[in-house]
Amino acid sequence: MVDLEKSLKNRRWQRRLSPFPHFVANDVFADNVYHDLEAGYKEIMARGLSDHPDPARFSRSVSGYDVYAFNFQAGMPEAFEILLSRQWHDMIAAVAGIEATGDVNGGFHHHAAGSGNGKPHNDLNPGWFSGEPSPAGINLANHAECNYHHGTSKKSHVVTRETVRAAALLIYLNNPEWKEGDGGQTALYRVRTQDVEAADGHAAPINNSLLLFECTPHSYHAFIGNRYHPRNSIIMWLHRRVEDVVNRWGPRAVVKWPT
Amino acid sequence: MEAKEGILMKKTCLLTGAGGRLGTAFCRLFHQKYNIIAVYRNRAPDVASQLQQYVDPLDVDKDLPENADPVYAVQANLSDPGGVDYVVDIALAKWGGVDLLVNAAGDLARFNSVCDFDTQAERIMEQMILNVFVPIRLAGAVASKFWRNRSDNRSANRSVVNVSSTAGLKVYPGAGQGYYSASKAALNFLSFHEAHELSAMGVRVNVLAPNTFPTILSTDQVAHGVEELAAGDKNGEVLVLDRGGQHYHGREISSGGYG
């Protein structure tokens with residue numbers, strides 16, 4: 001049973017308004033919880049890196065993005081149970097101010113030193129799921145069963161369901177001490193067309209810190225290239241119903257994935 | 001706070017360097033006593049302001065004491081032409097006056113050798129402008145725009161606190177602090193002259209000279225030093241905060257002539 005009262009160290013997260021509403025917090029988890037998360041991350045890293053898509057280890061599986069990624073999946077180290085709990089899901093949804101479906105996708109991102117900049121994007125993308133969340137649990141994306149981007153399935157009996165990303169959460173861990181000039185931040189922008197290096201805000205990859213924001217048409221963000229050290233993080237998304245997005249921002253707001 | 005026509009009036013503080021350790025500590029400790037205009041260059045102060053508030057992730061609707069009496073954060077480069085007038089005009093527009101000016105913005109840059117001026121001239125001049133001339137210009141701008149009534153100034157105990165350093169009083173050899181030290185020594189002496197001139201208008205000017213914080217002194221100690229000078233009645237004094245405690249270091253005023 002996850003006990004967030006005991007697991008959280010920082011009960012004062014900052015809600016910032018510029019360049020778009022987002023939350024940042026340092027010292028998020030209690031020391032023992034953070035230690036276990038970092039140990040779990042290292043355990044997966046120890047399986048090695050693959051330059052070709054490989055669901056069993058960190059691999060170059062995100063098209064057009066200079067990252068090694070590993071998706072959340074069954075059989076992960078026990079330390080990550082907290083992030084896959086309904087309590088965590090509901091807390092993140094409450095902080096972000098969203099009505100979430102209980103569907104979760106996420107994973108681990110490793111940017112080797114010297115990784116290039118990303119491009120500003122808003123994460124207001126579709127997320128497809130099979131299965132349903134239970135009131136007491138979450139529904140974790142099953143990539144073997146359902147293509148998260150397009151909802152296709154190799155199994156004919158699988159029914160898939162479209163949602164839209166509602167909140168994005170980054171947790172920074174297993175990084176060397178960060179200082180100005182190292183790069184590796186998550187940069188925040190007012191508009192998509194801004195020069196990636198001319199951000200209006202940053203979240204630095206400081207261990208045991210987080211960045212959280214509601215995915216909206218204006219939540220532009222990008223990875224800033226890390227010059228000297230690797231950058232490691234956990235990324236996860238909560239989701240909302242398609243009609244909620246259409247009612248709020250219109251039918252063209254959702255940014256479809258490339259086919 | 002002061003009673004004026006039966007209403008409790010909070011004093012207004014124009015604080016520079018609000019995004020630094022000292023500025024943030026001052027905001028945190030004294031945001032209930034002062035309406036603070038918190039001027040920062042790159043990083044907003046880590047306190048509640050119009051830009052950010054705090055949220056308890058496990059009780060998002062809870063009223064948190066940290067969110068009461070938010071500071072008003074103003075981003076500005078005080079070394080830019082117009083930067084000084086810009087922040088003074090904002091302070092006057094927002095709160096109608098300035099009772100306390102705290103010059104806590106500082107450039108801590110160190111240089112290899114004082115003899116190696118030419119290769120570092122531009123950077124050295126930047127340091128001099130921020131550490132020496134900006135504090136003096138700010139006081140001049142507030143004086144010309146608001147401190148026009150001696151009686152009001154005295155009854156409100158209006159004052160300036162310039163944050164200097166023990167490096168402006170003694171030499172720390174081999175620390176690369178030659179120009180920094182000179183800038184703080186210059187600030188001390190300009191403050192003495194300013195104290196003499198502004199006393200005619202009923203405004204006090206003092207200097208705080210702390211040793212290194214947060215290593216040798218706690219940042220809160222230094223913030224309380226600022227408040228001691230602001231709340232007291234001293235004029236033209238240096239409050240030295242050092243390893244062994246604190247003491248006042250007065251100016252020596254010539255009885256006549258000039259040096």
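This report walks through a predicted model of two chains, A and B, starting with their interface and then moving into each chain.

**Where the chains meet**

Let's begin with the contact itself. Chain A brings 15 residues to it and chain B brings 13 residues. Together they bury about 1300 Å², and carbon and sulfur atoms give 58% of that area. Three residues stand out on the chain A side: A:R11, A:R12 and A:Q14 supply 44% of the area that chain A buries against chain B, more than any other three residues.

A:R11 turns up again when you look at charges. The rule finds two salt bridges across the interface of chain A and chain B. In a salt bridge between the chains, the side chain of A:R11 meets that of B:D56, with N to O at 2.7 Å. If you count polar contacts between the chains, with both residues at pLDDT 80 or more, you get seven residue pairs.

Which elements of chain A supply at least two residues each to the side that touches chain B? They are α1 (4-7), β1 (13-16) and α3 (86-96). The largest share comes from β1(A), with four residues. Sorted by class, the side of chain A that touches chain B has eight nonpolar, two polar and five charged residues.

β1(A) also pairs with a strand of the other chain. Its partner is β5 of chain B (residues 52-55), and the two run antiparallel over four bridges. Within that pairing, A:R16 has B:Q52 as its bridge partner.

**Helix α3 of chain A**

α3(A), one of the elements that touch chain B, is worth a look in its own right. Eight of its 11 residues are buried, so this helix is largely enclosed by the rest of the structure. The buried ones are A:R86, A:W88, A:H89, A:M91, A:I92, A:A93, A:V95 and A:A96. Right after the helix comes A:G97, which has a positive phi, near 75 degrees.

**Strand β6 of chain A and its partners**

Next up is β6(A), where nine of the nine residues are buried. Both faces are covered: A:D103, A:N105, A:G107, A:H109 and A:H111 lie on one side, with A:V104, A:G106, A:F108 and A:H110 on the other.

β6(A) pairs with several strands of chain A, and here is how they line up:

| Partner of β6(A) | Sense | Bridges |
|---|---|---|
| β5(A), residues 68-71 | antiparallel | four bridges |
| β8(A), residues 139-140 | parallel | two bridges |
| β14(A), residues 231-241 | antiparallel | eight bridges |

To find these pairings on the model, use a residue pair from each. A:Y68 stands opposite A:H110 in β6(A). For β8(A), look for A:V104 opposite A:L140. For β14(A), the pair to find is A:N105 opposite A:W237.

**The loop with A:S115**

A:S115 sits in the loop between β6 (103-111) and β7 (126-130) of chain A. Is this serine buried or exposed? Its relative accessibility is 7%, and the cut-off for buried is under 20%, so A:S115 counts as buried. The side chain of A:S115 reaches the backbone oxygen of A:A112 at 2.6 Å. Setting aside neighbours within four places in sequence, A:S115 is in contact with A:D66, A:F223, A:G225 and A:N226.

**Over to chain B: B:D99**

B:D99 has its place in the loop between α2 (83-95) and β7 (100-103) of chain B. This aspartate is buried, with a relative accessible area of 11%.

What does B:D99 touch, not counting residues up to four places away in sequence? The list is B:K11, B:T12, B:A156, B:N157, B:R158 and B:S159. For B:T12, the backbone nitrogen lies 2.9 Å from a polar atom of the B:D99 side chain. With B:R158 the contact is side chain to side chain, a polar contact at 2.8 Å. As for B:F30, which is 69 residues apart from B:D99 along the chain, the C-alpha atoms of the two are separated by 14 Å.

**Strand β10 of chain B**

Last stop: β10(B), residues 237-242. Five of its six residues are buried, so this strand is largely enclosed by the rest of the structure. β10(B) pairs with β9(B) (residues 204-210) in the parallel sense, over four bridges. To spot the pairing, find B:P210, whose bridge partner in β10(B) is B:L241.

Conventions: Residues are numbered from 1 along each chain as its sequence is written. Chains are lettered from A and ligands numbered from 1 in the order in which they are written. This is a predicted model: local features need pLDDT of at least 70, side-chain atom pairs count only at pLDDT 80 or more; totals for chains, interfaces and linings use all residues. Side-chain values use heavy atoms; hydrogens and water are left out. Contact means heavy atoms within 4.5 Å. Buried area is the accessible area (1.4 Å probe) that two parts lose on being put together, summed over both. A salt bridge is a side-chain nitrogen of Lys or Arg within 4 Å of a carboxyl oxygen of Asp or Glu. A polar contact is a pair of N or O atoms within 3.5 Å; within protein, one must be able to donate a hydrogen and the other to accept it, and residues adjacent in sequence count only if both atoms are side-chain atoms. Ala, Val, Leu, Ile, Met, Phe, Trp, Tyr, Cys and Pro count as nonpolar, Asp, Glu, Lys and Arg as charged, and the others, Gly among them, as polar. Two strands pair if DSSP finds at least two bridges between them. Buried means under 20% relative accessible area, exposed over 50%, partly exposed in between (1.4 Å probe, protein chains only).
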